[in-house]
Amino acid sequence: MAENHAPFIVLGAGPGGYACAFRAADLGLDVTLVDPRASLGGVCLNEGCIPSKTLLHAAEVIREAAHMDDWGIGFAKPKIDLDALRAKKDDIVGQLTGGLGGLAKRRKVTVVRGTAKFTDANSLEIDGKSWSFDKAVIAVGSAPVQLPGWPEDDRIWNSTAALELRNVPKRLAIVGGGIIGLEMATVYSTLGSDVTVIEFMDQIAPGADAEAVKILAAALEGQGVTLHTATKVAEVAATKAALSLSCEGIFEGTIKADAIIQAVGRRSNGAKVSPENAGVTMDERGIIAIDDSCRTNVDGIFAIGDVTGNPMLAHRATHQGHVVAEVAAGHASALDTDLIPSVAYTSPELAWAGLTQAQAKDAGTPHKVASFPWAASGRNLASGGGDGLTKIVYEPESHRVLGATLVGRNAGELLAELVLAMEMSATLEDIALTVHAHPTLSETVAFASERALGTLTDL
Ligand code: NAD
């Protein structure tokens, strides 16, 4: 006999796990939520999405103020108090995680602090205590990938360490030009580091639209960030004076740095819950196979979020969490979309969803492209915005939207209209005939549609 019993137990309290637990409680289930952290919210709230956005906001304010010079408004060089900035970030994280604790309590979700491992298909061990369960959800997320063969050195940071804001290194090398690498380049270059990004693939933000990425790359270079693409780090050496990165590829040579951020992707934490003891199928990368309703191969055991593979994004996990809660409560529910938006909160932001032009071409999908350059957007210019682009990939016959990419200020917010258009199979006519307020950046979406339809008067 187990010491405890949970009718519905969720392992991991990140955006997937807590959303699942709360939705299940709202549907009347008796819910237990397990996480080793003292606060709810997982990596996203505690050491990911939210702390990075607070630092990105601080960086944006610094950059905006500096840009006002040519508007006739001069500010003094900012005094940056790292301790105060760190405290502000921690305070914002605390407000959110504290709020989640309150929401769990009000829903009567039992929160257990501990690390869970399956012992069989109906039982778990949590910090030495045995638990039986009727239904379980694996939502234990992912951890940063660590490249092998690097020295142990506290000047080598993963994303968690980078967000701790330990110091502002004079020379910072960032290995990996994906979302984390680019967001951290934005933060640290603005705080004063001399930043070099080393990316293995032939463009930063691989997978995103090449034309939009060029605009982002030029902006980052304008902010003083050095970008080396198609370059790999062959070796890292540490001496007291500096870290040295030997690079091979388009850039050949040694980069000296006072700190390195390793941002080369994340790896599923699936193996940490010993799913094999329950008979759950997991591949060698720790990815757990699921169906459209997030069921694993074992009856009563579900998996959501980063443990189920790419894209490893909080909003995907949240939607999967809701689906699982509904299925567990006896409803028919499935995640019937592969439309998961991606946003890099850089300056400018880069946001995309659905098919890129290159993906449509490679897949042989009939498509056309409509775009609108932000140099022709009154609102963009009036807000001091730089180069930007709204680009829509659409089906030539039906004019339905197949994909969209935006680069520019608030691109992440603007993308939502196009994701909704894709969800609802809206056509370019639907978008063009929707009255967009003037002057807004959202007009660029309508203008791109009008341009494709030949009705644009603003270009
Ligand atoms: P990523 O997969 O986005 O980028 C990793 C980058 O590192 C890739 O461009 C890859 O080509 C490169 N790379 C891999 N090995 C390399 C090597 N040896 N040398 C040089 N470059 C190498 O991963 P990430 O940026 O670490 O982010 C991890 C996960 O977290 C991703 O799934 C990301 O989408 C997610 N995330 C999302 C957000 C957001 O939504 N704003 C923010 C942060 C992280």
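This text leads through three parts of a predicted model: an open sheet, a helix and a single serine.

We begin with the sheet, which is open and built from five strands in the order β8-β15-β9-β10-β11, with parallel pairing. Its edge strands are β8, covering residues 156-157, and β11, covering residues 226-228, and each of these pairs on one side only. If we follow β8 to its partner, we find that β8 and strand β15, which holds residues 259-262, pair in the parallel sense over two bridges, and that Trp 157 has Ile 261 in β15 as its bridge partner.

Next comes helix α6, which runs over residues 179-191 and therefore has 13 residues, so that at 1.5 Å a residue a span of 18 Å is expected, and the 19 Å between its end C-alpha atoms agrees with this. Because 11 of the 13 residues of α6 are buried, the helix is largely enclosed by the rest of the structure; among these buried residues are Leu 182, Glu 183, Tyr 188 and Leu 191. Just after α6, Gly 192 takes a positive phi of about 125°.

Finally, we turn to Ser 268, which has its place in strand β16, residues 266-268. Ser 268 counts as buried because its relative accessibility is 8%, where the cut-off for buried is under 20%. The side chain of Ser 268 reaches the backbone nitrogen of Gly 270 at 2.9 Å, while a polar atom of that side chain lies 2.5 Å from the backbone oxygen of Gly 286. Leaving aside neighbours within four places in sequence, Ser 268 is in contact with several residues, including Gly 141, Arg 285, Asp 306 and Met 312.

Notes:
Residues numbered from 1 in each chain as written. Predicted model: local features only at pLDDT ≥ 70, side-chain atom pairs only at ≥ 80, totals over all residues. Heavy atoms only, no water. Helix = DSSP H or I, 4+ residues; strand = E, 2+ residues; numbered from the N terminus. Buried < 20%, exposed > 50% of the residue type's maximum accessible area, 1.4 Å probe, protein only. Polar contact = N/O pair within 3.5 Å; in protein donor to acceptor, adjacent residues only side chain to side chain. Contact = heavy atoms within 4.5 Å. Expected span 1.5 Å × (residues − 1). Pairing = 2+ DSSP bridges.
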